[in-house]
Amino acid sequence: MIVLGVESSCDETGLALYDTQRGLLSHALHSQVAMHEEYGGVVPELASRDHIRRAIPLLEQALSKAGMAAQDIDAIAYTQGPGLAGALLVGSAIACSLGMALDKPVLGVHHLEGHLLSPLLASEPPEFPFVALLVSGGHTQLMRVDGVGQYELLGETLDDAAGEAFDKSAKLLGLGYPGGPAISRMAEFGDPEAYKLPRPMLHSKDLMFSFSGLKTAVLTVVNNNGGAANVCEQDKANIARGFVDAIVDVLTAKCLSALKQTGLKRLVIAGGVGANAQLRASLNAAARKKHFKVYYPELEFCTDNGAMIAFAGAMRLQINPQAAQRDYSFNVRPRWPLDELRVI
Ligand code: KG4
Ligand code: ZN
């Protein structure tokens, strides 16, 4: 069965073809980062319009890379939520129109389920059950995953998501958008002893997170130095290092607690912050020391992409072929808690 995946929840348009027998056939992606950069963040209206421009050319790219025609597609999976309403509407409308035109069934997919399952696309995928840390621009959650559609929320952030903290702190340092990769590159040259920033909720004895205080700590340090314009490059690197070390310490400690609490020995990292080199180094070191295994998606599938949506759709369809329907009316779900996702 060949599933087309359509991702358009935020600022990436992703189209991909996944074959349940042969695996990922092709994927095509366009990132809008350059377009939103001058505004310092995603402008929803511009995002929606760009998805309209990109989706069909990307579909053609994905089909031609796979050497296939549109009629070869068996089902279409699209991101139904959560995300920006307008952006979701574009992807859903395109997926459902294609489905209608080609007479193929369609299926709405939860964006976070896509992220959660994305490590299964790697060459050495984890087996179920595992603990998953989902760290993206909008979410920070620890989950127990027993199978496709079987997710138990163990803990989540009370305020900012980890990616949001990266982006906001980077902005405070004048590092532009998106801040995650920029602040972590800068941190590599920083002195770890220069600024010790707080580790929020490190000792809270539960699996909850809070990152807004850490962002405020960065703001206070920047202000104490006379504002970002007055902070020299080395000191920016030192602050970046203080920030990254704090967030990585918290994420690592909570992952260890989740493994201990569940008694599981497999940890999966998903979402954009999962691309972070310092987080990976810290988790790899902990895995060696505490004898558990840690799995990451391929770097290109850490951030938003169509492959994870095609894959999540294909997994659901394998379990329940009725999950996709020839019903082309759609409604998007900009807010959609993962625990409201129906069990298959
Ligand atoms: O999963 P994703 O592409 O989109 C959401 O669904 O939110 O994640 C985007 C987030 C952004 O906040 C971005 O700054 C962060 O992931 N990110 C990183 C890195 N690469 C992306 N954060 C830290 N280090 C990175 N290397
Ligand atoms: Zn995402």
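Select residues 130–135 and 266–270 in this predicted model. These are strands S6 and S9, which run parallel and are joined by four bridges. To find the register, show valine 131 and look across to leucine 267 in S9, which stands opposite.

Keep S9 selected and colour its residues by burial. Four of the five are buried, and the strand is mostly covered.

Next, add residues 293–295, strand S10. S9 and S10 also pair in the parallel sense, here over three bridges. Two pairs of residues can be picked out: valine 268 stands opposite tyrosine 295 in S10, and leucine 267 has valine 294 as its bridge partner in S10. Leucine 267 thus appears a second time on this stop, since valine 131 stands opposite leucine 267 as well.

Now widen the view to the whole sheet. Five strands form an open sheet in the order S8-S7-S6-S9-S10, and the pairing is mixed. Select residues 150–156 to see S8, which is an edge strand, as is S10; each of these pairs on one side only. Looking across the sheet, the twist from one strand to the next averages 25 degrees.

With the sheet still displayed, select residues 233–262. This is helix H8, which packs on the sheet and touches S6, S7 (140–147), S8 and S9. Compare the directions of H8 and S6: the angle is about 155 degrees.

Return to the link between S9 and S10. Valine 268 in S9 and tyrosine 295 in S10 can serve again as markers, standing opposite each other. Select residues 277–290, helix H9, and follow the chain from S9 through H9 to S10; this β-α-β crossover is right-handed.

Leave these strands and select residues 75–81, strand S4. How many of its residues are buried? Seven of the seven are, so S4 is largely enclosed by the rest of the structure.

Bring in the strands that pair with S4. Residues 2–7 make up S1, which pairs with S4 in the parallel sense over four bridges. Leucine 4 marks this pairing, standing opposite isoleucine 76 in S4. Then select residues 106–110, strand S5, which runs parallel to S4 and is joined to it by five bridges. For this pairing, show glycine 81 and histidine 110 in S5, which stand opposite each other.

To finish, select residues 85–102, helix H3. Together with S4 and S5, H3 makes a right-handed β-α-β unit.

Note on methods:
Residues numbered from 1 in each chain as written. Chains lettered and ligands numbered in written order. Predicted model: local features only at pLDDT ≥ 70, side-chain atom pairs only at ≥ 80, totals over all residues. Heavy atoms only, no water. Buried < 20%, exposed > 50% of the residue type's maximum accessible area, 1.4 Å probe, protein only. Pairing = 2+ DSSP bridges. Right-handed = clockwise from strand over helix to strand, strands pointing away. Axes fitted to C-alpha atoms, helices over the stretch in contact; angles between N-to-C directions. Contact = heavy atoms within 4.5 Å.
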